[in-house]
Amino acid sequence: MNIDYSSGVALDTLKADALVLMVSESEVEQGGLAAQWNDKIAVLGKTGLFGGKLNQTYVLPLENQYDFPVIILCGCGDGLLTTDQLRIMTANIARAALRLKAEKIVIQLTGEITLLTEEKSLVTVAYALTEGLILGAYRRRQYKLEQASYAGLAAVTFNKEQQTDEVEREGWIQGIQRGQAFAEATNLARDLTNIPGNLLTPSDLAMAAIDVAERYGLPAEVLDEREIEQKGMGGLTAVGKGSVNPPRMIVIRYQGREQWDHVIGLVGKGITFDTGGISLKRAPGMEEMISDMGGAAAVLGVMEALGRLRPQINVVMVIPSAENMPSANAFKPGDIITTLSGRTIEVLNTDAEGRVVLGDALTYAREWGAERIIDLATLTGAVLTTLGDIATGAVTNDETFLQELIAASRGTGENIWQLPVYPEFREMIKSEVADIRNAAGRYGGASTAGLFIGEFAEGLPWIHLDIAGTAFLSKERGVNPKGATGVMVRTLLEWLLSQNEEK
Ligand code: BES
Ligand code: MN
Ligand code: ZN
């Protein structure tokens with residue numbers, strides 16, 4: 001989407017499919033808008049059709065006095081908005097534009113935008129508004145005989161009514177660029193996550209990763225099933241064995257510092273489809289398991305944005321990818337497997353496959369020099385029981401590290417909630433015959449699963465994010481569409497860029 005900023009352009013020289021006006025409740029009640037709309041909007045207010053309530057939109061057709069056929073009225077409530085409310089507001093504007101099949105819209109800024117919000121930095125405001133537009137205009141790819149002729153919302157201009165100076169313009173441009181990088185990275189993650197299992201196998205995911213790496217000249221490595229086994233990655237080998245689509249271990253490096261030091265490891269679960277394997281899942285809802293590579297998609301989205309923004313940090317991304325299938329070759333309950341770390345795992349449930357592949361991936365991230373690790377995974381149904389699809393569950397061995405990430409998440413509107421790690425939970429993943437077992441029963445399932453992965457961090461500062469509830473929604477909410485959300489791409493980027501400033 002092309003987004004730009006202009007100022008002082010007169011309405012009668014604007015050409016667009018819609019003009020957008022952001023209107024507060026008091027403006028509807030008391031007027032105060034440009035004279036040519038005031039009367040109409042007052043009628044809408046009196047009749048209850050449009051009151052300016054937050055998140056309300058209303059399409060007002062115009063007589064032919066301008067070169068735009070309609071006005072989209074967008075309510076901004078009364079009172080100061082948070083950055084996330086701004087983001088959701090433009091997401092709703094984008095959705096209204098999609099319903100109109102608009103290709104180009106102009107958002108008319110009648111006053112100081114920062115007066116609408118608690119956030120006083122213009123760059124941050126422009127960044128949130130931009131993100132909302134791109135996130136809200138997202139549409140899942142369709143696979144239909146008849147291709148839709150409408151290509152989506154392609155261009156948005158923020159037009160400030162009064163002529164502004166160079167400083168203000170710079171602020172807008174900076175915010176727009178950052179917003180574009182963050183939101184487009186999120187949409188890349190959404191696109192990958194929404195691809196069905198038959199069209200995205202582990203080798204397809206590896207090719208998507210190579211694609212990103214090549215676009216930005218980042219070194220990448222893909223291990224095939226032979227190399228995975230030869231290196232001793234028994235976890236990924238075991239989970240991948242049951243499928244005719246063999247596993248891949250995918251690595252991309254981003255080096256923004258002189259030396260390959262202070263390396264941050266980002267690890268994403270890349271199960272391209274999870275049937276549960278021999279411990280087969282029940283049929284209802286199984287189609288959602290196309291999203292079991294949501295963690296992989298998110299870390300890949302992050303790499304894409306790093307390639308664009310080029311901060312001075314070092315990051316290694318590791319994706320263990322496999323398809324979890326039941327077959328004559330599949331791994332089985334009771335199997336004992338040896339991981340890359342040397343640790344052995346007693347398999348009690350083949351549907352607890354994520355932690356098994358992630359163990360090898362954490363070890364591999366360490367081998368690539370990671371000094372701190374964040375893993376992202378659609379790991380447990382238990383996190384859904386606990387937090388619903390409202391928050392991502394976090395498990396950590398380093399409180400300050402997690403607090404930093406949670407602080408970054410506050411501005412992005414992506415909720416993170418810490419899960420407990422009582423020593424009793426640790427007891428539950430011990431095995432009589434192996435070092436660790438992969439299932440510990442239903443109770444405390446999100447904590448025990450996280451702790452299992454934490455074993456492979458071997459004392460490095462580590463955060464596990466369980467996005468099983470937040471990566472894929474059953475209906476549209478906030479800036480997110482139905483289906484894949486690309487959750488945590490923006491929070492991770494926010495935190496990563498803060499590391500740029502610190503060191
Ligand atoms: N991929 C699933 C978790 C999941 C559930 C993701 C719902 C998204 C929505 C994971 O591999 C899984 O099957 N976990 C099991 C673990 C259990 C067998 C210990 C679960 O949560 O039921
Ligand atoms: Mn599973
Ligand atoms: Zn899974």
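This passage describes a sheet and the packing of several helices in a predicted model.

The sheet is open and is built from 6 strands, which follow one another in the order 1-6-5-2-4-3 with mixed pairing. Its edges are taken by strand 1 (2-7) and strand 3 (57-61); each of these has a single partner strand, so one side of each is left without a neighbour in the sheet. On average, and with direction ignored, neighbouring strands of the sheet are turned by 25 degrees against each other.

At one of these edges, strand 1 pairs with strand 6 (residues 155-160) in the parallel sense, over 6 bridges. Within this pair, Ile-3 stands opposite Val-156 of strand 6. Helix 4 (residues 122-136) packs on the sheet and touches strand 1, strand 5 (104-109) and strand 6. The direction of helix 4 makes about 150 degrees with that of strand 6.

Packing between helices was examined next. Two packed helices are described by the angle between their axes and the distance between the axes. For helix 6 (residues 202-216) and helix 9 (residues 294-309), the axes come within 9 Å and cross at roughly 10 degrees. Since angles under 35 degrees count as roughly parallel, helix 6 is roughly parallel to helix 9. On the side of helix 6, the contact is made by Leu-205, Ala-208, Ala-209, Val-212, Arg-215 and Tyr-216. These residues meet Ala-296, Leu-300, Met-303, Glu-304, Gly-307 and Arg-308 in helix 9. By class, the contact of helix 6 with helix 9 comprises 8 nonpolar, 1 polar and 3 charged residues.

A second helix pair consists of helix 10 (residues 354-367) and helix 14 (residues 445-454). Their axes lie 8 Å apart, and the packing angle is about 30 degrees. Helix 10 and helix 14 are therefore roughly parallel to each other, and helix 10 passes helix 14 in a right-handed crossing. From helix 10, Arg-355, Val-356, Leu-358 and Leu-362 take part, meeting Ala-449, Phe-452 and Ile-453 in helix 14. The residues of this contact of helix 10 with helix 14 divide into 6 nonpolar, no polar and 1 charged.

Helix 14 was also considered for burial. In this helix, 10 of the 10 residues are buried, so helix 14 is largely enclosed by the rest of the structure. The buried residues of helix 14 include Ala-449, Phe-452 and Ile-453, which meet residues of helix 10. Also buried in helix 14 are Gly-445, Ala-446, Ser-447, Thr-448, Gly-450, Leu-451 and Gly-454.

Terms used
Residues numbered from 1 in each chain as written. Chains lettered and ligands numbered in written order. Predicted model: local features only at pLDDT ≥ 70, side-chain atom pairs only at ≥ 80, totals over all residues. Heavy atoms only, no water. Pairing = 2+ DSSP bridges. Helix = DSSP H or I, 4+ residues; strand = E, 2+ residues; numbered from the N terminus. Axes fitted to C-alpha atoms, helices over the stretch in contact; angles between N-to-C directions. Contact = heavy atoms within 4.5 Å. Buried < 20%, exposed > 50% of the residue type's maximum accessible area, 1.4 Å probe, protein only. Parallel < 35°, antiparallel > 145°, perpendicular 65-115°, else oblique. Left-handed = near helix turned anticlockwise from the far one by under 90°. Nonpolar A, V, L, I, M, F, W, Y, C, P; charged D, E, K, R; others polar.
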